[in-house]
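Could you walk me through this structure, selection by selection? I have it open in a viewer and would like to know what to click on next and what is there.

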Amino acid sequence: MNYTPVRISTLKAEMDIPFNVYIHFKEQYLKYLSDGTQIEKAKFKKLRRQKITKFYIDATDENKYQQFLDDLLNQTLNDDKAEVDEKISIVEGQAETALDRMQDDPGSESSFDMTRKAAQNLRKMIFENPEALARMFGNADNSDDIAKHSINVCVLASKFAASEKVSDEDIDFLCTAALMHDVAIAKMSDEYKELFHKPRADLSAKEKLEYFKHCDMNFISMLADRPYINEHVINLIKNHEENLQGSGPYKKTKLEKSEEILSLVNTYEKKISGEGLTPDAAIKKMTIDEMGNYDLKMINRFKDFLKAEGVI
Ligand SMILES: [Fe+2]
Ligand SMILES: [Fe+2]
């Protein structure tokens, strides 16, 4: 049997689960829940306290899982009475599940589909719940930092782009690319993965060369060959470490508006999830360190946007 990971935050207590659920323990997959049964609330809470984040399902149940998750998301996101934290948790769960799969199999259409759906749901949730952005940045979270970074970049970039009058269609490409932009970091060795936590200005020439490989065509071409992914999304991913001074991997000095937004938001958010700064400290550092890398007026508008959203 082939097992596929699903984040436990995409399942819900006291609801019929229409597929078997397994946990991975000591190299074995053990059945945790039988098809058609429910997880008790107390048991569910205990799992979360124990920091168990993933369940597994039989890969042949994938369609059942996607249908279940679509229904649950529909219900939760459109429920006026549902708490905003519940909405955040389930949409983040979908995004994390999608990213887990993307890392395992970036070229697969179903991984891409789930990532795109998750990006759309993050966008919907953030636009319909004005308090959500501030809550997401207020949550000290010790989950997978690259996934958290990617989710944060997705919501921040989508909403900032709307205030920058980027078209709806371009925001659609931007939110998908933002969620996927660092997925190639998972393919780097542990030594180089750690560079995510190091300020870019402190990277040695060799470290920079290695780190920038997550933007290189070895990975991107794997996506570019696919008929279901378009060149807007590819270019955004490829150019997310570029800036106006040309110190990115491709040394570009001219960026499309969406590319500049993605790069700026990525640089800002990495100071939070990567370097551990608070949102306040990160924007202060940004205005000093990134002078010239981005249009100063855009940095200032971004700062005003963060204030208006209650993030800083
Ligand atoms: Fe990156
Ligand atoms: Fe990033």
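In which loop does E27 lie? Select E27 and you will find yourself in the loop between β2 and β3. Before going further, please keep in mind that this is a predicted model.

**Stop 1: the hairpin**

Stay on E27 for a moment. This residue is not a glycine, yet its phi is positive, about 65°. E27 counts as exposed because it has 5 C-beta neighbours inside 10 Å, and the cut-off for exposed is 12 or fewer. Now click on K26: the hairpin of β2 and β3 has two residues between the strands, and K26 takes a positive phi near 45° there.

Next, select the two strands, residues 21-25 for β2 and residues 28-33 for β3. They run antiparallel and are joined by five bridges. Two pairs are good to display: I23 has L30 of β3 as its bridge partner, and V21 stands opposite L33 in β3. Colour β3 by burial and you will see that it is hardly covered, with zero buried residues among its six.

**Stop 2: other positive phi values**

Move to E14, in the loop between β1 (3-7) and β2. Its phi is near 55°, a positive value in a residue other than glycine. E14 is exposed, since 9 other C-beta atoms lie within 10 Å.

Then select helix α1, residues 41-49. This helix is hardly covered as well: the count of buried residues among its nine is zero. K51 follows α1 and has a positive phi, near 60°.

**Stop 3: two domains and a core**

Zoom out and colour by domain. The protein is divided into domain 1 (1-61) and domain 2 (136-309), and the C-alpha centres of the two lie 33 Å apart.

Now for the interior. In soluble globular proteins, nonpolar side chains tend to be buried together. Here the largest nonpolar core has 69 residues, and L122, C154, A157 and L174 touch the most other members. Helix α6 (residues 145-163) gives the most to this core, namely nine residues. At least three residues of the core come from each of domain 1 and domain 2.

Centre the view on L174. Leaving aside neighbours within four places in sequence, L174 is in contact with A157, S158, A161, V166, L236, S258, I261 and L262.

**Stop 4: I151**

Go back to helix α6 and pick I151, which is found there. Is I151 buried or exposed? It counts as buried, because 27 C-beta neighbours lie inside 10 Å and the cut-off for buried is 20 or more. Not counting residues up to four places away in sequence, I151 touches E92, A95, L122 and L179. Try a distance to A118 too: I151 and A118 are 33 residues apart in sequence and 9.4 Å apart in space, C-alpha to C-alpha.

**Stop 5: the last helix pair on this tour**

Finally, select residues 279-289 and residues 296-309, which are helices α13 and α14. Their axes come within 11 Å and cross at roughly 170°, so α13 is roughly antiparallel to α14. To see the contact, show the side chains of P279, I283, M286 and T287 on α13, together with I299, K303 and L306 on α14.

Definitions and conventions:
Residues numbered from 1 in each chain as written. Chains lettered and ligands numbered in written order. Predicted model: local features only at pLDDT ≥ 70, side-chain atom pairs only at ≥ 80, totals over all residues. Helix = DSSP H or I, 4+ residues; strand = E, 2+ residues; numbered from the N terminus. Pairing = 2+ DSSP bridges. Domains from an automatic or database assignment. Core = buried A, V, L, I, M, F, W, Y, C linked by C-beta atoms within 7 Å. Contact = placed C-beta atoms within 7 Å. Axes fitted to C-alpha atoms, helices over the stretch in contact; angles between N-to-C directions. Parallel < 35°, antiparallel > 145°, perpendicular 65-115°, else oblique.
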